[in-house]
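Visitor: Could you walk me through how the parts of this model fit together? I would like to hear the reasoning behind the words.

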Amino acid sequence: MIPLSWYLIVAAGLFVVGIFGVLTRKNLIGILMGVELMLNAVNINLLAFWSYLYPQSLSGLTFVAVVFVAAAAEAAVGLALIISIYRRRTTVNAEEINLLRG
Amino acid sequence: MDFLRDPYTFVANRFQEFLTGLGLAPEWVLFISFLTGAFILATSAMLLVTMLIWIERKIVARVQDRFGPNRVGPWGIFQSFADLIKIFTKEMITPTGSDWLPYNLAPVLAVSAVLTVWAVLPFTVTFYGVNLSVGVLFVIALGAVGEMGIILAGWGSNNKYALLAAFRAIAQLISYGVPLAITMLIPVMFSGSMALNDIVLAQDVWYIFLAPLVALIFFVTNLAEIGRAPFDLVEAESELVSGFNVEYSGLKFGMFYVAEFLHALTVSLIFATLFLGGWRGPGAVEYPVLGIVYYTLKTSLVYFLIILLRASLPRFRIDQMMAINWKLLIPLSLSLLMLTALVYRLVFTQPHIVRVLVLLAVNGIVFGVLNLILARVEKRNSRRPLVAEPRPVARAESISSNTPVE
Amino acid sequence: MTPLQIVFLLVAAITLFSAVMVVSIRGMMHAALFLVLTLMGVAFMFATLGSRFFAIIQILVYIGSIAILIIFAVMLTRNIMDAEVASLNRGWWFFAPLALLIFASIVLVLSSWSAFATLRDLSSTSGENILEFGKALTDPNGFVIPFEVASVLLVAAMVGAVYIAMERRGGRG
């Protein structure tokens, strides 16, 4: 059977890649994709610990469900914001959206 | 005798004994037997589709007062195989500027998304791929994979019309996915399980009698999901060249074509499972081989209805298609879901006949109210009917009498 | 090596590779398609963890809704980020070693933990009990408050998204 460590390493890898995407992507949608990767890594971790340590408890599953809802809400609002910004400033480049820089 | 009663279990057990006899580990035995089963099921599904294409062409031709295919073999029965050979030998053209991986992955996804549904369908009491505890959700989720195939096809072929058609198809599929999911909840609610075989086992009364309106909505929604007439906007030739598959030729086009027919068959199977009692019938539990006969009969009834509708109804406009979904199907299915849940809870302990009568009465009332509302909406939006004014007509007698035509 | 382990390693490699492609490839459309591949891999991992429900929900929610939403957004904002502009900002050479460092330190911390190589408990392979989970979500002694908060969040997000993305007529805003 698959050891717990494999899941944790994959999740850590996904999370780090997601952080890298969030920090370095110029495109706003690319940043959002990085956030999705991080949320997925969190979900793998939650389900892995649920499955290996507390399979009878339902708290882990509830956590995962809430993360799913948060991810869906975040994607919907985030993409709506990006489309709105694109409509006004015709750019989705995070470096060009600097109106508040003064 | 055992073989005749339940051939599937007999063969499966013999096969597993054989593999164990070869000295394989149990998990490898499981792996190989599932792989073999999936291969056989997929192949027979594909073979079935070649026959279905012939049947469909024949029925549509009969409705339209034509002969249909009648050259290859008796009654043209080998027409599909001739087409198959033609499609195999055709050149597969890859358009310039196409995105290689999405372009080639799309037809594969389109077929496999439909074919994977067969893994959870119960064909008899013992014959199913897996009685997945989330079978209903699985069916809905595979719809999402099919959508991905359409997006890939539209994007990959580097063609404006393909992309537009893909957008349109996705809009249609996502919109109709909402009432589809809601109506699929009702059999789940009645049976208390999401596993398809458990839903069939719980159907002492076919659910179409408990929720006829829901079954109707489910049927209409599925027509839209498979993109058949009257919802075949995806391939509206007069507006989009041929849909998201314009740029595909040869075998790749053939895969989209097969996927469409397979999808129609699959939704008939799902409808029969959820609302018509699946494999159930007299003696189907004792003699599982009978189950497949009942299942085939029920499925062919649904499939025949789909073909008949395709042959007889014109296509909706895109705004009409959206209005039907968002203004009629979704509110109706939501209110039916709540009403059915409430009423079913109240009559839960009653015998079957009382449940059926009460739920039929509820459905009748809903239908009556719906009819009243629709009639009022119709009256408010009524326009002058577009009928031609009486016009002067050139008739033989008016010419012969030399009187000027008015 | 059991067949499951071989398949897992394969899927994990594909998942991590496509995740790297998501953050590094130039065209946003390709990044979105690689994101779909990553999400598929994650769904597979949920399935091997014995949670069929969340494996299916992953496909339904992430691939069926979020990925398609992202693809639509990419197509609506296309042709601005053309291929000549670098897709990563100037700091990437600093962040790439940093990310590797974080990954290495996570692995290091984990490997010093005694329960790192725990084998899976066989009793949980039959999958989660969805019936119990559903009851717990609507049970006042269970998780009814997270459930309701999540549904309020979803409604708020839906209303907000529609309001933000709506094209206002009449030049206001």
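Here is a short conversation about this predicted model.

Visitor: Why is helix 3 of chain A called roughly parallel to helix 3 of chain C?

Guide: Helix 3 of chain A covers residues 59-89, helix 3 of chain C covers residues 52-76, and the two pack at an angle of about 10°. Angles under 35 degrees count as roughly parallel, so helix 3 of chain A is roughly parallel to helix 3 of chain C. Their axes are 10 Å apart.

Visitor: Which residues meet between these two helices?

Guide: On the chain A helix they include Phe68(A), Ala72(A) and Leu79(A). Among those on the chain C helix are Val61(C), Ser65(C) and Leu69(C).

Visitor: What makes up this contact, by class?

Guide: The contact has 16 nonpolar residues, one polar residue and no charged ones. Ala, Val, Leu, Ile and Phe count as nonpolar, whereas Ser65(C) is in the contact too and Ser counts as polar.

Visitor: How many residues do chain B and chain C bring to their contact?

Guide: Chain B brings 19 residues and chain C brings 16. In chain B, helix 3 (26-63) and helix 6 (135-156) each supply at least two residues of the side touching chain C. Helix 6 gives the most, with ten residues. By class, that side of chain B has 16 nonpolar, one polar and two charged residues.

Visitor: Which domains does chain C have, and how far apart are their centres?

Guide: The domain assignment gives domain 1 (1-81) and domain 2 (129-173) for chain C. The C-alpha centres of these two domains lie 24 Å apart.

Notes. Residues numbered from 1 in each chain as written. Chains lettered and ligands numbered in written order. Predicted model: local features only at pLDDT ≥ 70, side-chain atom pairs only at ≥ 80, totals over all residues. Axes fitted to C-alpha atoms, helices over the stretch in contact; angles between N-to-C directions. Helix = DSSP H or I, 4+ residues; strand = E, 2+ residues; numbered from the N terminus. Parallel < 35°, antiparallel > 145°, perpendicular 65-115°, else oblique. Contact = placed C-beta atoms within 7 Å. Domains from an automatic or database assignment.
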